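Reader: I'm in my first year and still learning to read structures like this. Could you pick one part, look at it closely with me, and then show me how the rest fits around it?

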Amino acid sequence: TVKRRLLNINSTKQSDDIKHITIGFILFFSMYGMVFSIGDILEDKKLYTWQRMLISPISKAEILGGNMIVAFITGLFQIILLIMLSKYLLDIDWGNCILGILVVVSAFVFSTTSLGLLLSGIVKTTSQLSALTPIVLTSTSMLGGAMFPLEVVNSKVILFLSNFTPQKWAIKGIEDIVMFGKGFESVILPTIILLTMGILFFVIGVILVKSEQ
């Protein structure tokens, strides 16, 4: 018995492209909310609310930790909401391992909020943060493959630099589940790398903020 089966390769590729764009832009646009949320400490300093809080029996690390928690919850909610909307409005299939996606997304949110803390420690005002954030987020998103698949990039320099962006590892972990049907084990390495980046960003951010007078 001979069986013949026709695979529509173009249709599959188009579907994968749509999924990649959806994943990339969800992560890209959600980063702005997280960075500016943690950047509220700059507004507190401008209004002298920060100085009042320092008088209270609370350390700077605890104050920053509270801001981090709020920014984390807000960012996680935004991404989950966008994932749900894309699933039911755009009919995007997010695979069979939702837990894996939530884990890598949580690690990405932590890494991004820590990056926001670092940026808030570098600049002095909200206006400076507003000017610096688009440059950092857009450039790292392009390097990390949020704008286009890294498979089409031939430059070894760009591919090397992409390893230092949170976007690349978040996209890799999610795409392994969504596009390649892998399980929870596929997000372990991306999650570890994202958590490492987040801890590094957080430590540097706390040091920078503490060093300010």
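Author: Let's get one word straight before we look around: a residue counts as buried when its relative accessible area is under 20%, as exposed when that value is over 50%, and as partly exposed in between. Also keep in mind that this is a predicted model.

Here's the overall picture. The protein has nine helices and zero strands, so the pattern along the sequence is simply α-α-α-α-α-α-α-α-α. Its C-alpha atoms fill a box of roughly 85 × 35 × 30 Å along the principal axes. Of the 213 residues, 42% count as buried. The accessible surface comes to about 12000 Å², and 68% of that belongs to carbon and sulfur atoms.

The part I'd pick is α4. How far apart should its ends be? With 30 residues at 1.5 Å each, α4 should span 44 Å, and its end C-alpha atoms are 43 Å apart, so the two values agree.

Now look at how α4 treats its own residues. Lys60, Ile63, Leu64, Met68, Ala71, Gly75, Leu76, Ile79, Ile83 and Ser86 are the buried ones. Read those numbers with this in mind: an α-helix has 3.6 residues a turn, so residues three or four places apart point the same way. Then look at the surface, where Phe77, Leu81, Leu82, Leu85, Leu89 and Leu90 form a nonpolar patch with about 610 Å² of accessible area together.

Let's take three members of that patch one by one. Leu85 sits in α4 and is partly exposed, because its relative accessibility is 40%. Leu89 is also in α4, but it counts as exposed because its value is 67%. Leu90 belongs to the loop between α4 and α5, and at 56% it is exposed too. In soluble globular proteins, nonpolar side chains tend to be buried together. That makes these exposed leucines worth a second look on your screen.

It's also fun to check who these leucines sit across from. Leu90 and Ile18 are 72 residues apart in sequence, yet their C-alpha atoms are 9.9 Å apart in space. For Leu89 and Asp16, which are 73 residues apart along the chain, the C-alpha separation is 17 Å. Zooming out, 78% of the contacts with a separation of 6 or more are between residues 24 or more positions apart.

Right after α4 comes Asp91, with a positive phi near 60°, even though Asp91 isn't a glycine. Asp91 is in the loop between α4 and α5, and it is exposed, with a relative accessible area of 68%.

Now follow α4 inward. Which elements give two or more residues to the largest nonpolar core? They are α1, α2, α4, α5, α6, α8 and α9, and α5 gives the most, with ten residues. That core has 49 residues, and the members that touch the most others are Leu27, Ile79, Trp94, Val105, Phe108, Leu117 and Ile174. You've already met Ile79 as a buried residue of α4.

Trp94 is a good one to click on. Leaving out its neighbours within four places in sequence, Trp94 is in contact with Thr22, Ile23, Ile26, Ile83, Ser86, Lys87, Ile101, Ile174, Ile177 and Val178. Ile83 and Ser86 in that list are two of the buried α4 residues from before.

Over in α1 there's His20. Is His20 buried or exposed? It's buried, because its relative accessibility is 5%, under the 20% cut-off. Beyond its close sequence neighbours (four places either way), His20 is in contact with Gly145, Phe148, Pro149, Ile171, Glu175 and Met179.

One last stop: α8. Side chains of opposite charge can pair when their charged atoms come close. The structure holds one salt bridge, and it joins the side chains of Asp176 and Lys172 at 3.2 Å, N to O. Both residues lie in α8, four residues apart, which is about one turn of the helix. The two partners have different cover: Asp176 is buried because its relative accessibility is 7%, while Lys172 counts as partly exposed at 34%.

Key:
Residues are numbered from 1 along each chain as its sequence is written. This is a predicted model: local features need pLDDT of at least 70, side-chain atom pairs count only at pLDDT 80 or more; totals for chains, interfaces and linings use all residues. Side-chain values use heavy atoms; hydrogens and water are left out. A nonpolar core is a set of buried Ala, Val, Leu, Ile, Met, Phe, Trp, Tyr and Cys residues joined through side-chain atoms within 4.5 Å. Buried means under 20% relative accessible area, exposed over 50%, partly exposed in between (1.4 Å probe, protein chains only). Contact means heavy atoms within 4.5 Å. Patches are made of residues with over 30% relative accessible area and no salt bridge: like charges are joined within 9 Å, nonpolar side chains (Val, Leu, Ile, Met, Phe, Trp, Tyr) within 5 Å. Accessible areas come from the Shrake-Rupley method with a 1.4 Å probe; for residues, only the protein chains shown count as cover. A salt bridge is a side-chain nitrogen of Lys or Arg within 4 Å of a carboxyl oxygen of Asp or Glu. The expected span of a helix is 1.5 Å times one less than its number of residues.
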